Amino acid sequence: MQLVLASQSPSRLMILRNAGVEPVVKPAHIDEQSLIDDLQEAPPADVVTALARAKAEAILPGVEGEAIVVGCDSMLLLDGELQGKPHTVEETVRRWKAQRGRTAELITGHAVAHVGETVTWYEDAVATAIHFGDVSDKDIEAYARSGEPLECAGAFTLEALGGWFIDAIDGDQTSVIGLSLPLLRRALYSYGLDASSVWQQQ
């Protein structure tokens with residue numbers, strides 16, 4: 001079974017490859033900010049799930065044959081506000097000074113489409129508590145200048161340099177990295193498919 005990933009995220013690709021899947025990578029290009037603006041009153045989980053679905057829908061026209069299409073989007077919920085990628089060193093520093101020593105929720109929305117004679121959707125979001133370490137100003141500056149967190153939701157990674165600065169998580173580790181394998185398994189089961197059906201050796 002072909003799995004198509006609507007993302008250019010190296011972290012999501014790593015998760016799938018480590019889990020035995022070699023996906024077809026088709027990055028989706030959508031106007032995320034416009035969609036976020038339209039959903040200002042929506043619950044946070046609905047916002048990230050809508051973004052995930054928009055990404056998956058954007059690449060559907062190019063998918064041929066039976067396939068599983070996966071769209072994802074992650075944002076950090078801190079003080080009731082969703083925060084995406086910081087993009088700049090200055091914004092990364094500001095974010096980390098606000099979130100160090102605190103706990104926030106990393107919410108990852110998923111939209112999984114089974115493409116066959118028709119298109120069927122499985123949509124859900126996973127929230128995981130992130131316990132940020134009480135990080136020094138010098139380390140925050142060094143981490144920001146490394147470039148690693150600039151294009152990461154919540155201005156951190158769990159699997160690389162950012163691992164120094166996350167004290168603990170409560171929840172699904174793969175979801176924090178960008179794609180929940182347990183959620184993907186449940187989506188496949190809902191279509192009558194096994195997780196192993198998308199493994200590379202199948």
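**Asp-73, the largest pocket and the elements around them**

Asp-73 sits in strand E3. The model described here is a predicted one. In the UniProt record, an unreviewed entry, the annotation "active site" covers Asp-73. With a relative accessibility of 5%, Asp-73 falls under the 20% limit and therefore counts as buried. Once residues up to four places away in sequence are set aside, the residues touched by Asp-73 are Arg-12, Glu-32, Val-48, Leu-51, Ala-52, Lys-55, Ile-107, Thr-108 and Gly-109. One of these, Lys-55, is also a polar partner: the side chains of Asp-73 and Lys-55 make a polar contact at 2.7 Å.

The surroundings of Asp-73 lead naturally to the largest pocket. This pocket has a volume of about 990 Å³. It is lined by 43 residues, and those closest to its centre are Asp-73, Ser-74, Lys-85, Glu-151 and Ala-153. Two or more lining residues come from each of helix H1 (10-18), helix H2 (32-38), helix H3 (44-59), strand E3 (67-78), strand E4 (81-83) and helix H6 (173-177). Helix H3 gives the largest share of the lining, with 4 residues. By residue class, the lining divides into 22 nonpolar, 13 polar and 8 charged residues.

Helix H1, one of the elements that contribute to this lining, offers a good place to look at packing. Its buried residues are Ser-11, Arg-12, Leu-13, Ile-15 and Leu-16. Among them is Arg-12, a residue touched by Asp-73. The partners against which the buried residues of H1 pack are strand E1 (2-5), strand E2 (24-25), strand E3, helix H6 and helix H7 (181-190). Both ends of the helix have a feature to note. At its start, a side-chain oxygen of Ser-9 comes to within 3.2 Å of the backbone nitrogen of Ser-11. Just after H1, Gly-20 adopts a positive phi of about 90°.

Helix H6, another contributor to the pocket lining, contains Ser-175. The relative accessible area of Ser-175 is 0%, so this residue is buried. Beyond its neighbours within four places in sequence, Ser-175 is in contact with Ser-74, Leu-106, Thr-108, His-110, Val-126, Thr-128 and Ser-180. Two of these names have already appeared: Ser-74 is among the residues closest to the centre of the largest pocket, and Thr-108 is touched by Asp-73.

Helices H4 and H5 provide further buried positions. Gln-99 is placed in helix H4, and its relative accessibility of 0% puts it in the buried class. Apart from neighbours within four places in sequence, the contacts of Gln-99 are Leu-76, Leu-78, Gln-83, Phe-132 and Gly-154. Ala-144 belongs to helix H5 (residues 137-146) and, at 0% relative accessibility, is likewise counted as buried. Leaving out residues up to four places away in sequence, Ala-144 touches Val-89, Thr-92, Val-93, Pro-149 and Leu-150. Ala-144 and Glu-123 are separated by 21 residues in sequence, and their C-alpha atoms lie 33 Å apart in space.

The loops complete the picture. Between H2 and H3 lies the loop that holds Leu-39, a residue that is partly exposed, with a relative accessible area of 23%. When residues up to four places away in sequence are not counted, Leu-39 touches Val-47 and Ala-50. The C-alpha atoms of Leu-39 and Pro-182 are 27 Å apart, with these positions 143 residues apart in terms of sequence separation.

Two other loop residues draw attention through their backbone angles. His-87, found in the loop between E4 and helix H4 (89-99), has a positive phi of about 70° although it is not a glycine. At 48% relative accessibility, His-87 is classed as partly exposed. Ala-155, in the loop between H5 and strand E7 (166-170), also has a positive phi, near 65°, in a residue other than glycine. Ala-155 has a relative accessibility of 0% and so counts as buried.

Note on methods. Residues are numbered from 1 along each chain as its sequence is written. This is a predicted model: local features need pLDDT of at least 70, side-chain atom pairs count only at pLDDT 80 or more; totals for chains, interfaces and linings use all residues. Side-chain values use heavy atoms; hydrogens and water are left out. On a 1 Å grid over the protein atoms alone, a cavity is a set of points where a 1.4 Å probe fits but cannot get out, and a pocket is an open set with protein on both sides within 12 Å along at least five of seven lines; lining residues have an atom within 4 Å of a point. Grid points are joined across faces, edges and corners, and a volume is the space filled by probe spheres set on the points. Ala, Val, Leu, Ile, Met, Phe, Trp, Tyr, Cys and Pro count as nonpolar, Asp, Glu, Lys and Arg as charged, and the others, Gly among them, as polar. UniProt positions are given in the numbering used here, feature names are shortened, and annotations may be inferred rather than shown by experiment. Buried means under 20% relative accessible area, exposed over 50%, partly exposed in between (1.4 Å probe, protein chains only). Contact means heavy atoms within 4.5 Å. A polar contact is a pair of N or O atoms within 3.5 Å; within protein, one must be able to donate a hydrogen and the other to accept it, and residues adjacent in sequence count only if both atoms are side-chain atoms.
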